[in-house]
Amino acid sequence: MRKAYWGKSMKKSTHSVDTARLDFSDTMSYGDYLALTELLKAQHRLSDHHDEMLFIIQHQTNELWMKLMLHELGAAREQIKNDDLPPAFKMMARVSRIMEQLVSAWTVLSTLTPSEYSQFRPYLGHASGFQSYQYRLIEFILGHKNEVKTRPFAHQEGIYQQVTAELQLPSLYDEAIRLLARRGFAIAPQLLDRDWKQPYAANDSVEQAWITVYRNPADYWDLYELAEKLLDLEDSFKQWQFRHYTTVRRIIGNKRGTGGTAGTTYLKDVQDIELFPELWSLRTEL
């Protein structure tokens, strides 16, 4: 009976791949489409320590997810600028889910112990996540502007131009505020054409506009949903930052970062910055 059962199972399994294409000598394969040969050759350990591979892959996959986040956030900003909100909602929701994915990813890196990390940390030199230009672009598009943070990229002309260009653009929230003004809300004029290189500061006219939206969601449903999608983004972003902080503290304690920052002190401080302040403060006022 056992022989017949297994024979039948194997025969069924064989038939299930009968129509699969097996020769890719003259057409594109899965590996070709994803450029897997090049992608999987990009992990170069500088030490012979086993756990360095984890460290490299963790950060490379983070960068891939950040590339997608930038793709979505840039498109969402354009949709808001064009007053076409439904596609922006989908894009922003996707970014929030990506950030949740990255929160979970830190749990993998947290399996790295201090003694393991110390075996290959010296090989990093001054390389640090602080120098991630994609993370900096995400910060800037979300409104956390700081010209000083463009300087680590001054030696890479193309990247430096990209980062400084984003610094000078209205953030996602700036475009949301300009949309409020276009919809007839009395937004302070200085907010509509300000120096975009400067971080946004909370303004009572913006808070009053959002309060009106929240008190009358049926009348302003798309703006109400926009506000909630923005808050979802910041909520997810803060959770991602916090999980980064706890993981780093778990692995290196309060040591300075390899890039020269104050390490966990720096990571803790940036969590206190509110990107969309009126969306938080209005909850107290309602």
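Trainee: Which helix gives the largest share of the lining of the largest pocket?

Mentor: That is helix 4, with 8 residues. This is a predicted model, in which local features need pLDDT of at least 70 and side-chain atom pairs count only at pLDDT 80 or more, while totals for chains, interfaces and linings use all residues. Residues are numbered from 1 along each chain as its sequence is written, and side-chain values use heavy atoms, with hydrogens and water left out.

Trainee: What makes something a helix here?

Mentor: A helix is a DSSP run of H or I with at least four residues, a strand is a run of E with at least two, and both are numbered from the N terminus.

Trainee: What makes an empty space a pocket, and what makes it a cavity?

Mentor: On a 1 Å grid over the protein atoms alone, a cavity is a set of points where a 1.4 Å probe fits but cannot get out. A pocket is an open set with protein on both sides within 12 Å along at least five of seven lines, and a lining residue has an atom within 4 Å of a point. The volume is the space filled by probe spheres set on the points, which are joined across faces, edges and corners. For the largest pocket that space is about 1200 Å³. Its lining has 41 residues, and the closest to its centre are Phe55, His59, Ser128, Gly129 and Phe130. Helix 4 (52-81), helix 5 (85-109), helix 7 (133-141), helix 11 (221-252) and helix 12 (264-270) each give two or more residues to this lining.

Trainee: How do you know which lining residues of the largest pocket are nonpolar, polar or charged?

Mentor: The residue type decides: Ala, Val, Leu, Ile, Met, Phe, Trp, Tyr, Cys and Pro are nonpolar, Asp, Glu, Lys and Arg are charged, and the others, Gly among them, are polar. The lining then sorts into 20 nonpolar, 16 polar and 5 charged residues. The second largest pocket, about 190 Å³, is lined by Glu63, Leu64, Lys67, Leu68 and Gln134. Glu63 and Lys67 are therefore its charged residues, Leu64 and Leu68 its nonpolar ones and Gln134 its polar one.

Trainee: Which residues line the largest cavity?

Mentor: They are His144, Glu234, Phe237, Lys238, Gln241, Val270, Ile273 and Leu275. Helix 11 gives the largest share, 4 residues. The volume of this cavity is about 40 Å³, and the count of cavities of 30 Å³ or more comes to 1.

Trainee: Why is the aromatic pair of tyrosine 135 and phenylalanine 237 called stacked?

Mentor: Rings of Phe, Tyr and Trp (its six-membered ring) pair if their centres lie within 6.5 Å, and planes under 30 degrees apart count as stacked, over 60 as edge-to-face and the rest as tilted. Here the centres are 6.1 Å apart and the planes 25° apart, so both tests for a stacked pair are met. Tyrosine 135 belongs to helix 7 and phenylalanine 237 to helix 11, so the pair ties together parts 102 residues apart in sequence. The whole structure has 12 aromatic pairs, and Phe55, Tyr117 and Phe120 form one aromatic cluster.

Trainee: How do you know that the charged end of arginine 136 sits over the ring of phenylalanine 130?

Mentor: The rule asks for NZ of Lys or CZ of Arg within 6 Å of the ring centre and within 35 degrees of the ring normal. For arginine 136 the distance to the centre of that ring is 4.8 Å, so the distance part is met.

Trainee: Why is isoleucine 56 buried or exposed?

Mentor: Buried means under 20% relative accessible area, exposed over 50%, and partly exposed in between (1.4 Å probe, protein chains only). Isoleucine 56, in helix 4, has 15%, so it is buried. Leaving aside neighbours within four places in sequence, isoleucine 56 contacts (heavy atoms within 4.5 Å) Gln43, His44 and Arg45.

Trainee: How do glycine 253 and alanine 35 come out?

Mentor: Glycine 253, in the loop between helix 11 and helix 12, has 23% relative accessibility, so it counts as partly exposed. Alanine 35 has 32% and is therefore partly exposed too.

Trainee: What is notable about phi in alanine 35 and aspartate 83?

Mentor: Phi of alanine 35 is positive, about 55°, although this residue is not a glycine. Aspartate 83, in the loop between helix 4 and helix 5, has a positive phi near 60° and is likewise a residue other than glycine.
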